[in-house]
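Please walk through this structure one region at a time, with the sequence and the 3D view side by side.

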Amino acid sequence: EVQLVESGGGLVQAGGSLRLSCAASGFTFDDYHIGWFRQAPGKEREGVSCISSDDGSTYYADSVKGRFTISSDNAKNTVYLQMNSLKPEDTAVYYCRAERPITPNLEVTMKYFRDFGSWGQGTQVTVSS
(Lines give C-alpha, C1' and ligand atoms only; values in the text may rest on other atoms or scores of the structure.)
Protein backbone atom coordinates (compact mmCIF):
# COMPACT_ATOMS: atom_id res chain seq x y z
CA GLU A 1 0.00 0.00 0.00
CA VAL A 2 1.35 3.40 -0.98
CA GLN A 3 2.18 5.69 1.93
CA LEU A 4 3.20 9.34 1.68
CA VAL A 5 4.51 11.66 4.39
CA GLU A 6 4.76 15.41 3.89
CA SER A 7 7.30 17.47 5.82
CA GLY A 8 9.27 20.70 5.70
CA GLY A 9 6.59 23.25 6.49
CA GLY A 10 7.04 26.07 8.93
CA LEU A 11 6.73 29.79 9.60
CA VAL A 12 8.61 32.21 7.35
CA GLN A 13 8.49 35.89 6.50
CA ALA A 14 7.25 37.11 3.14
CA GLY A 15 10.02 36.77 0.58
CA GLY A 16 11.54 33.77 2.34
CA SER A 17 11.92 30.17 1.21
CA LEU A 18 10.94 26.67 2.30
CA ARG A 19 11.52 23.22 0.84
CA LEU A 20 8.76 20.66 1.28
CA SER A 21 9.37 16.92 1.04
CA CYS A 22 7.03 14.11 0.06
CA ALA A 23 8.54 10.79 1.14
CA ALA A 24 6.99 7.63 -0.31
CA SER A 25 7.02 4.00 0.81
CA GLY A 26 5.38 0.84 -0.44
CA PHE A 27 6.25 1.45 -4.09
CA THR A 28 9.07 2.64 -6.32
CA PHE A 29 9.20 6.03 -8.02
CA ASP A 30 10.10 4.80 -11.50
CA ASP A 31 6.79 5.63 -13.21
CA TYR A 32 4.52 7.86 -11.14
CA HIS A 33 2.90 11.26 -11.21
CA ILE A 34 3.36 13.08 -7.91
CA GLY A 35 1.33 16.19 -7.20
CA TRP A 36 1.28 18.92 -4.58
CA PHE A 37 -1.95 20.56 -3.39
CA ARG A 38 -2.72 23.15 -0.75
CA GLN A 39 -5.75 24.23 1.22
CA ALA A 40 -6.23 27.39 3.24
CA PRO A 41 -9.00 27.77 5.84
CA GLY A 42 -12.34 28.48 4.19
CA LYS A 43 -11.02 27.82 0.68
CA GLU A 44 -11.14 24.89 -1.73
CA ARG A 45 -8.16 22.62 -2.20
CA GLU A 46 -5.90 24.04 -4.91
CA GLY A 47 -3.54 22.19 -7.23
CA VAL A 48 0.00 23.58 -7.00
CA SER A 49 2.44 21.43 -8.97
CA CYS A 50 3.02 17.96 -10.39
CA ILE A 51 5.95 15.96 -11.75
CA SER A 52 6.46 12.76 -13.70
CA SER A 53 9.17 10.63 -12.12
CA ASP A 54 9.63 8.90 -15.48
CA ASP A 55 10.38 11.74 -17.92
CA GLY A 56 10.70 14.69 -15.51
CA SER A 57 7.91 16.74 -17.05
CA THR A 58 6.32 19.29 -14.71
CA TYR A 59 3.15 21.28 -14.20
CA TYR A 60 2.72 24.49 -12.18
CA ALA A 61 -0.32 26.51 -11.26
CA ASP A 62 -0.19 30.06 -12.58
CA SER A 63 -0.10 31.40 -9.03
CA VAL A 64 3.29 29.77 -8.32
CA LYS A 65 5.06 29.81 -11.69
CA GLY A 66 8.52 31.33 -11.42
CA ARG A 67 8.57 30.95 -7.63
CA PHE A 68 8.15 27.20 -6.93
CA THR A 69 10.19 24.31 -8.34
CA ILE A 70 9.21 20.65 -8.11
CA SER A 71 11.82 17.89 -8.37
CA SER A 72 12.06 14.13 -7.92
CA ASP A 73 14.84 12.08 -6.32
CA ASN A 74 13.87 8.60 -7.45
CA ALA A 75 16.67 6.88 -5.51
CA LYS A 76 15.24 8.29 -2.28
CA ASN A 77 11.57 7.90 -3.30
CA THR A 78 11.11 11.56 -2.46
CA VAL A 79 9.63 14.55 -4.28
CA TYR A 80 10.51 18.09 -3.24
CA LEU A 81 8.76 21.41 -3.65
CA GLN A 82 11.19 24.32 -3.40
CA MET A 83 9.20 27.46 -2.58
CA ASN A 84 10.90 30.82 -3.05
CA SER A 85 9.64 34.40 -2.81
CA LEU A 86 6.85 33.26 -0.53
CA LYS A 87 3.78 35.43 -0.12
CA PRO A 88 1.17 35.52 2.66
CA GLU A 89 -1.35 34.05 0.21
CA ASP A 90 0.81 30.91 0.05
CA THR A 91 -0.23 30.15 3.63
CA ALA A 92 -1.98 26.77 3.64
CA VAL A 93 -1.66 23.10 4.52
CA TYR A 94 0.27 21.40 1.72
CA TYR A 95 -0.46 17.81 0.66
CA CYS A 96 1.11 15.38 -1.81
CA ARG A 97 -0.42 12.56 -3.85
CA ALA A 98 1.05 9.85 -6.09
CA GLU A 99 -0.46 7.60 -8.77
CA ARG A 100 0.65 5.60 -11.75
CA PRO A 101 -0.29 7.68 -14.80
CA ILE A 102 -2.96 6.74 -17.29
CA THR A 103 -1.89 9.63 -19.52
CA PRO A 104 1.28 11.75 -19.80
CA ASN A 105 -0.86 14.86 -19.32
CA LEU A 106 -0.10 16.03 -15.78
CA GLU A 107 -3.17 18.27 -15.62
CA VAL A 108 -5.37 15.22 -16.14
CA THR A 109 -3.61 13.50 -13.25
CA MET A 110 -4.14 16.56 -11.06
CA LYS A 111 -7.86 16.46 -11.81
CA TYR A 112 -7.88 12.80 -10.80
CA PHE A 113 -6.15 13.66 -7.52
CA ARG A 114 -8.75 16.36 -6.91
CA ASP A 115 -11.73 14.06 -7.42
CA PHE A 116 -10.55 10.66 -6.14
CA GLY A 117 -8.53 9.10 -3.37
CA SER A 118 -7.63 10.21 0.12
CA TRP A 119 -5.39 12.83 1.71
CA GLY A 120 -2.78 12.57 4.43
CA GLN A 121 -1.90 14.92 7.27
CA GLY A 122 -0.12 17.49 5.13
CA THR A 123 2.39 20.05 6.36
CA GLN A 124 1.55 23.59 7.46
CA VAL A 125 3.14 26.55 5.68
CA THR A 126 2.62 29.97 7.23
CA VAL A 127 3.97 33.13 5.60
CA SER A 128 3.87 36.30 7.66
CA SER A 129 3.70 39.87 6.35
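S85 lies in the loop between β8 and β9; strands, like helices, are DSSP runs numbered from the N terminus, with at least two residues (E) for a strand and at least four (H or I) for a helix. The model is a predicted one, in which local features need pLDDT of at least 70 and side-chain atom pairs count only at pLDDT 80 or more, while totals for chains, interfaces and linings use all residues. Residues are numbered from 1 along each chain as its sequence is written, and side-chain values use heavy atoms, with hydrogens and water left out.

S85 is not a glycine, yet its phi is positive, at about 50°. In general, most residues other than glycine have a negative phi. With a relative accessible area of 41%, S85 is partly exposed; the term covers values between buried (under 20%) and exposed (over 50%), taken with a 1.4 Å probe on protein chains only. N77, also not a glycine, has a positive phi of about 50°. N77 sits in the loop between β7 (68-73) and β8 (78-83). Its relative accessibility is 14%, so N77 counts as buried.

After the loop that holds S85 comes β9. Which residues make up strand β9, and how many of them are buried? The strand spans residues 92-99, and 7 of its 8 residues are buried, so β9 is largely enclosed by the rest of the structure. Strand β4 (residues 33-39) pairs with β9 in the antiparallel sense over 7 bridges, where pairing requires that DSSP find at least two bridges between two strands. In this pairing, G35 stands opposite R97 of β9. β9 also pairs with strand β10 (residues 123-128), again in the antiparallel sense, over 3 bridges. Here A92 stands opposite V125 of β10.

Strand β9 also contributes a cysteine to the disulfide of C22 and C96, whose sulfur atoms are 2.1 Å apart; a disulfide is a pair of cysteine sulfur atoms within 2.5 Å. This pair links distant parts of the chain, with C22 in strand β3 (residues 18-25) and C96 in strand β9, 74 residues apart. The link is right-handed, with 75° about the S-S bond. C22 and C96 are both buried. The structure holds 1 disulfide.

Why does C50 not bond to C22? The sulfur of C50 is 11 Å from the closest cysteine sulfur, that of C22, which is too far for a bond. C50 counts as buried because its relative accessibility is 0%.
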